[in-house]
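The following exercises ask the reader to work through a structure step by step. Each task is followed by a worked solution.

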Amino acid sequence: MKRILKWIFRIVLILFILAFLFVFVAYWRSTNDCDRLSATQGNTMKAIVYCDYGLANLKFTDVEKPSPTDDQLLVKVHAASVNPLDWHFIEGTPKIMRAMGVGLRKPKDTRLGVDFAGTVEAVGKNVTQFKPGDEVFGGRDGAFAEYVCPRADRAVTLKPANITFEQAASVNIAGITALQAVRDKGKVQPGQKVLINGASGGVGTFAVQIAKLFGAEVTGVCSTRNLEMVRSLGADHVIDYTKEDFAKGAERYDVILDNVPNHSLSECRRVLTPEGKYVMIGGGGPNDNRWIGPFGRVIQTLVVGPFVSQKMGMMMAELKKSDLTILGDMMQSGKVKPVIDRTYKLSELPEAIRYLEEGHARGKVVITVE
Ligand SMILES: NC(=O)c1ccc[n+]([C@@H]2O[C@H](COP(=O)([O-])OP(=O)(O)OC[C@H]3O[C@@H](n4cnc5c(N)ncnc54)[C@H](OP(=O)(O)O)[C@@H]3O)[C@@H](O)[C@H]2O)c1
C-alpha cells in the first residue's frame, strides 16, 4: 500500500511539474506580429494596434492597407463602434480568455474593433452581391482602421439610405445580440411581459425597440437620467434602479433579458413566471471577476437550469448576414433607430474605451474614421 501511494505521489508530482513547465514555456513563447509589423511605402492606412495588453498600449499608427481576396470586399471605413468585447480584448480580461487562444502574455491578434460602416472601394473576382460605391455595414475583425476586408458572404450588408454611417456602425454586435436575445433565446411572443435589465446601453436600447416590435409589454431598468430616453424607445414601464429593485417587486415577467448580472439567479427567478425565461447576456465590467469573468455565472445557469421549471439560459451572439439584413430592414422602415451617445475620432479610441469601461454609456459609442 505504501509503495502504491509513493508511486501515485511521484506521478502526480511529475504531472504537476510538466504542467507548470508547459504553462511557463507557453507563456514566454506567446507573442504576436508586432516585431514584424512594417508597412510597404505607398500602401499604408491608419489603424489602432496593440502589442501588449492594457489601454495604455493602444497605438494609432500606419499599417499595411489590406487587399481583398477573391471572396472579399475592400471597404473604406467611415465609422466604427465600440463594444465591451473590445475592452475584454484590450485588457485581456477575464484572464482565462488569454489561455483560450487570445494570447497568454501578449495579444495574438494585434488589431482591434469589429463593427464598421463604410463604402465599398473594390471587390474580389468572385463577389457578385456588391460593387464599388455600395454603402455597407457589418462586422469584421480589425474595424478600428481606415479599411477592412470582410468576406462578401459573411456579416456585411447594404446600408439603408435613411441612416447615417455612424448609426449603421453601431448596429452589428449590439443589434444582433438584441435581436437574437428577443427572438431566439427569449422567444418573445405578443403580449408577454419582458424585463430588460440595462435597457439604456448599447444592447439594451436595441432590445427595448425589438421587443416592442415583437409585441411585448416591455419594462426597462436603468438609472434616473435615462428613464425618459428608455421610455421614448417604446418601453411601457421603466424602473429606476437607483430607487427601486426590480427583483423585489410584485410584477412577474415572462422573459428577463439580463445585460447587467447584478442580481443572483434566484433573485431573477423570483420575478419570473413559472414557465418564464432568463437570458443572460452581460458578463459584468472590466473589474468584475478578473480571472474567470462571467464563466462562474454561466456554469451556475447550466447547473440550476435542469432543476427548475423556468428556462435559464445564456447567449453568445452569432454575427450573421441574415440578421444584419433584418436589422437593416427594421431601420429602413423606421421601426428601429440606433441611439448614439458619444462620437470620438479614431485617434481618440483610448478615451472612447475608457468611457465605455465606466459602464454607463447611453446607447452606442461611435468612432468616426476620416
Ligand atoms: N452574450 C453576448 O453575445 C453579448 C453580446 C454583446 C454584449 N454582451 C455583454 O452585454 C453587456 C451589455 O453590453 P452593452 O453593449 O449594452 O454595454 P454598455 O453599452 O456599456 O451598457 C451599459 C449600460 O448598463 C447600464 N447599467 C449599469 N449599471 C446598471 C445597473 N445596476 N442596473 C441596470 N443597468 C445598469 C448603464 O445604464 P445607466 O447609465 O443608466 O446606469 C448603461 O446604459 C456587456 O456585459 C457585454 O459584454 C454580450
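The exercises below treat the ligand, the cores, two helices and some backbone features in turn.

This is a predicted model, in which local features need pLDDT of at least 70 and side-chain atom pairs count only at pLDDT 80 or more, while totals for chains, interfaces and linings use all residues. Residues are numbered from 1 along each chain as its sequence is written, and side-chain values use heavy atoms, with hydrogens and water left out.

**Exercise 1. The ligand**

Task: Describe the residues around the ligand and its polar contacts.

Solution. Begin with the shell. A residue is near the ligand if one of its heavy atoms lies within 4 Å of it. There are 30 residues around the ligand, of which Ser223, Tyr241, Met315, Ala317 and Ala361 come nearest.

Next, sort the shell by residue type. Ala, Val, Leu, Ile, Met, Phe, Trp, Tyr, Cys and Pro count as nonpolar, Asp, Glu, Lys and Arg as charged, and the others, Gly among them, as polar. The result is 13 nonpolar residues, 16 polar ones and one charged.

Then list polar contacts (pairs of N or O atoms within 3.5 Å; within protein, one must be able to donate a hydrogen and the other to accept it, and residues adjacent in sequence count only if both atoms are side-chain atoms). A side-chain N or O atom of Tyr241 is 2.3 Å from an oxygen atom of the ligand. For Ala317, a backbone N or O atom lies 2.7 Å from a ligand oxygen atom. His360 places a polar side-chain atom 2.8 Å from an oxygen atom of the ligand.

Finally, consider coverage. On its own the ligand has 930 Å² of accessible area, and the protein covers 87% of this (Shrake-Rupley method with a 1.4 Å probe; for residues, only the protein chains shown count as cover). Helix H5 (172–185), helix H6 (202–213) and strand S9 (217–222) are the elements that give two or more residues to the shell; helices (H or I, at least four residues) and strands (E, at least two) are DSSP runs, numbered from the N terminus.

**Exercise 2. The nonpolar cores**

Task: Identify the largest nonpolar core and the elements that supply it.

Solution. A nonpolar core is a set of buried Ala, Val, Leu, Ile, Met, Phe, Trp, Tyr and Cys residues joined through side-chain atoms within 4.5 Å. Buried means under 20% relative accessible area, exposed over 50%, and partly exposed in between (1.4 Å probe, protein chains only).

The largest core has 46 residues, and Ile196, Val208, Ile210 and Leu257 have the most contacts inside it. Among the elements that each supply at least two residues of this core are H5, strand S8 (193–197), H6 and strand S11 (253–258).

A second, separate core has 36 residues, including Ala80, Val127, Ala143 and Val148.

**Exercise 3. Two helices**

Task: Determine why H5 is described as largely enclosed, and find what surrounds H2.

Solution. For H5, eleven of its 14 residues are buried, so this helix is largely enclosed by the rest of the structure. Among the buried residues are Asn172, Ile173, Gln180 and Val182.

For helix H2 (residues 84–91), which contains Ile90, the buried residues are Asp86, Trp87, His88, Ile90 and Glu91. They pack against strand S1 (44–50), strand S2 (58–64), strand S3 (73–82), helix H3 (96–102) and helix H11 (349–357).

Ile90 has a relative accessible area of 0% and is therefore buried. Contact means heavy atoms within 4.5 Å; leaving out residues up to four places away in sequence, Ile90 touches Tyr50, Tyr53, Gly54, Leu55, Leu58, Leu112 and Ile353.

**Exercise 4. Backbone features**

Task: Locate a cis peptide bond and the residues with positive phi.

Solution. Recall first that most residues other than glycine have a negative phi, and most peptide bonds are trans.

The bond joining Thr93 and Pro94 is cis, with omega about -5°. Pro94 lies in the loop between H2 and H3. Gly92, which follows H2, has a positive phi near 70°.

Lys187 has a positive phi near 45° and is not a glycine. Its place is in the loop between H5 and S8, and at a relative accessible area of 47% Lys187 is partly exposed.

Asn289, likewise not a glycine, has a positive phi of about 45°. This residue lies in the loop between strand S12 (272–280) and helix H9 (295–304). With a relative accessible area of 51%, Asn289 is exposed.
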